[in-house]
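Got a model open and want to know how its parts fit together? Let's go through it one question at a time.

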Amino acid sequence: MPKFESKEYDVVVCGAGPAGLMAACTYGRLTGGAGRVLLLDKKEPWKEPIFCAEAVSTGRLNALWPISKEWVRGGISGIYFTSPKGYRAEFYSKDCGSMLDRSRFHHALADGCVEAGVECHFDALVTNLSRDGDSWLVQSMTGGELSTVRAKAVIDATGPGCRLTRNVDCLKGIESGDTDLEPAIFAVTEGIKHSREHIELFFGSEFPNGYGWIFPRDGVEVNVGFVLGKDHDTPIPLRQKLLEFINRRYPGAKVKAVYGGMIACGQSKRPLAMHGVFKAGDAASCVNPISRSGIVESILCGKIVAESVVEWLACGTDAERSRVEASVLDRWMKAQGRAHLQIANAKPTFGKISDAQFDRAAEKLSRIPQGKASLWRIFFTVLSACPSLIWKMRSFLR
Ligand SMILES: Cc1cc2nc3c(=O)[nH]c(=O)nc-3n(C[C@H](O)[C@H](O)[C@H](O)COP(=O)(O)OP(=O)(O)OC[C@H]3O[C@@H](n4cnc5c(N)ncnc54)[C@H](O)[C@@H]3O)c2cc1C
């Protein structure tokens, strides 16, 4: 009995994270269920653990996928910025963001896919992609059995550092999703007293070119972790570094599990589509280079890519198809990528702030009454505490 409903599809979406789910759902909706679209993932998208701290901008997510309390753990109304010496500044805003239950969120997106007529298989590891005439052969493995389907277009949403397209000769120029891969690690921990409405960020030389964090989960557990710059040079393994950080700051806290992953943080200018293969999400390196947020970015990218695929499939000539393929990067750049390139310019400057400067700025900011620390006030207070930053920031302002 054939595993898939068909042997031929208009589009096969590989990977059912936020990017792939949104791409498949958008494509299904835009074609009114008439487009033949197959979504493949090696695991159920709601299967835990999902390697993520689960914080998002409420407004930006809501504009793309209406927020539901079914899959939100809670709202964030403040951010603590904590310096190496432990000075703590608070940025307060009624609506800083939301903490997702990503597993449930993925479930909601997958329900959207099914409603939009997407054929979903969440037990299919995509093992190979090869060109055959004008179409693609997508090979996948389920339960020890190999299957191959033919697709006019493929969306690669398999996350950072994906290997799917790496060995395909005609795709050598496409974005590889391995730009500036940065390591991130976190522990689900109990026994840390932490406000459910705040996230806390730790800065300084302990986290070179990155930052540490505490993100609330359910009022009992918190997510404690850090991300480091790609050229980090830590003398001890990351897991040990994290456990030492937790033990030192929160003696008695109980670590329940530790997870890690890579974040593709470098916005590049490489094409996002070629010969009918389209990249979305982390596979397209669309993560914010400083905050490292990638959930909303992947959803936005998945949507842009699906809209482009619909246009691409309607093209009558190779020249038209090439034009649509070239336009995907432009669309992404206009929506988000240009801002990411600018942020990426500022990143080296951020990495040069010394511990003393962080302490000075956080100490000054900690004296501002709650609710009065606007982002501009924070910005200027930081500059006044670290005047050398103005000079260092010239590349960002250029
Ligand atoms: C530790 C950590 C913390 C983070 N915290 C945040 C945060 O708080 N907020 C935020 O916005 N972002 C955060 N991010 C980034 C965010 O998780 C990613 O940017 C986002 O998940 C990217 O979505 P995606 O769909 O592109 O890829 P993914 O979520 O990685 O999904 C890729 C999917 O492809 C599947 N797949 C891979 N290979 C194959 C294959 N060969 N065959 C079939 N399926 C395959 C995988 O199973 C997976 O389901 C964090 C990342 C890490 C590592």
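Q: Is β11 largely enclosed by the rest of the structure or left open, and how many of its residues are buried?
A: This is a predicted model, so treat what follows as computed from it. On one side of β11 sit His198, Glu200 and Phe202, and on the other Ile199 and Leu201, all of them buried, so both faces are covered. That leaves the strand largely enclosed, and the count of buried residues is five of the five.

Q: Which strand pairs with β11 in the antiparallel sense, and over how many bridges?
A: Strands of a sheet pair through backbone hydrogen bonds, either parallel or antiparallel. Leu201 of the pair stands opposite Trp213 in β12. The antiparallel partner of β11 is β12 (residues 211–216), and the number of bridges is three.

Q: Which strand runs parallel to β11 (residues 198–202)?
A: Look at Gly78, whose bridge partner in β11 is His198. Five bridges join the two strands, and the parallel one is β4.

Q: How many bridges hold β4 and β5 together?
A: Take two of the partnerships: Phe81 is bridged to Ala89 in β5, and Val72 to Leu100 in β5. Strand β4 covers residues 72–82 and strand β5 residues 88–100, and they pair in the antiparallel sense. The number of bridges is nine.

Q: Which residue in the turn of the β4 and β5 hairpin has a positive phi?
A: The hairpin has five residues between its two strands. One residue in that turn has a phi of about 95 degrees, and that residue is Gly86.

Q: Which strands stand at the edges of the open sheet of eight strands?
A: The order is β3-β5-β4-β11-β12-β13-β10-β14, with mixed pairing. An edge strand has a single partner, so one side of it is left without a neighbour in the sheet. Here that applies to β3 (55–56) and β14 (254–264).

Q: How far apart are the C-alpha atoms of Val188 and Ser205?
A: Val188 is found in strand β10 (residues 181–190), and it is buried, with a relative accessible area of 8%. Along the chain, Val188 and Ser205 are 17 residues apart. In space, their C-alpha atoms are separated by 23 Å.

Q: Which element supplies the largest share of the largest nonpolar core?
A: In soluble globular proteins, nonpolar side chains tend to be buried together. The largest nonpolar core here has 53 residues, and Leu39, Leu61, Phe105, Ile155 and Phe278 have the most contacts inside it. Elements that each supply at least two residues include β1 (8–14), α1 (18–30), α3 (102–115) and β9 (145–156). The largest share, ten residues, comes from α5.

Q: Which element gives the most to the lining of the second largest pocket?
A: About 330 Å³ of space lies in this pocket, and 14 residues line it, with Arg131, Trp312, Asp318, Arg321 and Glu325 nearest its centre. The lining divides into five nonpolar, three polar and six charged residues. At least two lining residues come from each of β15 (273–274), α5 (295–314) and α6 (318–351). The element that gives the most, with four residues, is α6.

Q: How many disulfides does the structure hold?
A: Cys52 is in no disulfide, and its nearest cysteine sulfur, that of Cys265, is 13 Å away. The sulfur of Cys315 is 18 Å from the closest one, in Cys170, which is too far for a bond. Both Cys52, at 13% relative accessible area, and Cys315, at 11%, are buried. The number of disulfides is zero.

Q: Where is the cis peptide bond that leads into Pro49?
A: Pro49 has its place in the loop between β2 and β3. Omega is near -5 degrees, and the cis bond runs from Glu48 to Pro49.

Q: Is Asn209 buried or partly exposed?
A: Asn209 is in the loop between β11 and β12, with a positive phi near 55 degrees in a residue other than glycine. Its relative accessibility is 40%, so Asn209 counts as partly exposed.

Q: What is the relative accessible area of Ser285?
A: Ser285 lies in the loop between β16 (277–279) and α5. Although it is not a glycine, Ser285 has a positive phi of about 50 degrees. Ser285 is buried, and its relative accessible area is 0%.

Notes
Residues numbered from 1 in each chain as written. Predicted model: local features only at pLDDT ≥ 70, side-chain atom pairs only at ≥ 80, totals over all residues. Heavy atoms only, no water. 1 Å grid on protein atoms, 1.4 Å probe; cavity = no way out; pocket = protein on both sides within 12 Å on 5 of 7 lines; lining within 4 Å. Points joined across faces, edges and corners; volume = space filled by probe spheres on them. Nonpolar A, V, L, I, M, F, W, Y, C, P; charged D, E, K, R; others polar. Disulfide = S-S within 2.5 Å. Buried < 20%, exposed > 50% of the residue type's maximum accessible area, 1.4 Å probe, protein only. Pairing = 2+ DSSP bridges. Core = buried A, V, L, I, M, F, W, Y, C linked by side-chain atoms within 4.5 Å.
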